[in-house]
Amino acid sequence: MIPFSKRAFKFLPSTNAYLKKHYKKIADFTVVRAEEQGNGYGRKGRAWHSPKGGLWFSFIVSTNDPFFWIMCSSVSIVDVFPELKIKWPNDVYHKKRKIAGILSERIEDRIIVGIGINVNNKIPSDLEDKAESLSAIYNKEFNVQKVLDKILKKISENVSEPENIILKWKNYSVILGKRITIKKGEMLVEGIVEDLAEDGSIIVSNPNHREKITYGDIINWEEI
Ligand code: BTN
């Protein structure tokens, strides 16, 4: 089992920023949770709305394989909430709405993995067609602390079975075998996702070409 230890705050600007500031004095597998974040952020510096009722936490780990920890985190969220799926590379969705996001940041030979999950929090009206909370899907309020404990337990279990993580990651994928449109910089690529690779890239093919894509934003994908 991973020896996670927890630090809980009523408020922090950002749990990732907290670990980035104090990492020198903080041991691996320290989990920092804030009930509310004033300045939560996501990938590409996008603001991450983090009011009370959501689960906002980060942990720090020494690794040379960040993608393994990101994959393990998204898989563990879906293990706990099987109605959800993974949208490459590591967003967690319910149908077409985002439930959770993961952001990893490197600091020396360690990474900070920040996880934001909409649990009981109300989604602001301008995000309503893009995001959703677990409480709306399951039609009940969750104990946020228990949700965190369940996810950490799953992360511990999954880390000890690395060969299963990639299999689950493919199984939980919302894009594998589907037609997608992906925005790569200023370019749009359309095609079928043939495979997801362990290094975090995807193989997309269309009648004109076949491409290995390592980054980009999927802006559309076909539903089953
Ligand atoms: C994304 O989808 O772009 C990633 C969102 C990550 C948000 C979490 S909430 C906890 C941690 N603290 C932050 O400021 N960000 C991450």
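This is a short tour of the aromatic pairs, the nonpolar cores and the ligand site, stop by stop.

Before you start, note that the model is predicted: local features need pLDDT of at least 70, side-chain atom pairs count only at pLDDT 80 or more, and totals for chains, interfaces and linings use all residues. Residues are numbered from 1 along each chain as its sequence is written, and side-chain values use heavy atoms, with hydrogens and water left out.

**Stop 1: aromatic pairs**

The structure holds 12 aromatic pairs. Here, rings of Phe, Tyr and Trp (its six-membered ring) pair if their centres lie within 6.5 Å; planes under 30 degrees apart count as stacked, over 60 as edge-to-face and the rest as tilted.

Select Phe4 and Phe29. Their ring centres are 5.9 Å apart and their planes meet at 90°, so this pair is edge-to-face. Phe4 belongs to the segment before β1 (5-12) and Phe29 to the loop between α1 (15-22) and β2 (30-37), so the pair ties together parts 25 residues apart in sequence. Helices (H or I, at least four residues) and strands (E, at least two) are DSSP runs, numbered from the N terminus. Phe4 is buried, at 18% relative accessible area, and Phe29 is buried, also listed at 18%. Buried means under 20%, exposed over 50%, and partly exposed in between (1.4 Å probe, protein chains only).

Next, pick Phe9 and Tyr18, a tilted pair with 5.0 Å centre to centre and 55° between the planes. Phe9 is partly exposed at 24%, while Tyr18 is buried at 15%.

**Stop 2: the nonpolar cores**

Now add Phe59, Phe68 and Trp69 to Phe4 and Phe29: these five residues form one aromatic cluster. Phe59 and Trp69 also appear among the residues that touch the most other members of the largest nonpolar core, which has 55 residues. Such a core is a set of buried Ala, Val, Leu, Ile, Met, Phe, Trp, Tyr and Cys residues joined through side-chain atoms within 4.5 Å. Colour helix α2 (residues 66-80), which gives this core the most, with nine residues.

A second, separate core of 10 residues includes Tyr18, Ala34, Ile60 and Ile107.

**Stop 3: the ligand**

Which residues come nearest to the ligand? Of the 19 around it (a heavy atom within 4 Å), they are Ser14, Gln37, Tyr41, Arg43 and Lys98. For polar contacts (N or O atoms paired within 3.5 Å; within protein, one must be able to donate a hydrogen and the other to accept it, and residues adjacent in sequence count only if both atoms are side-chain atoms), look here:

- Thr15: a polar side-chain atom lies 3.1 Å from a ligand nitrogen atom.
- Tyr41: a backbone N or O atom lies 2.7 Å from a ligand nitrogen atom.
- Arg43: a backbone N or O atom lies 2.7 Å from a ligand oxygen atom.
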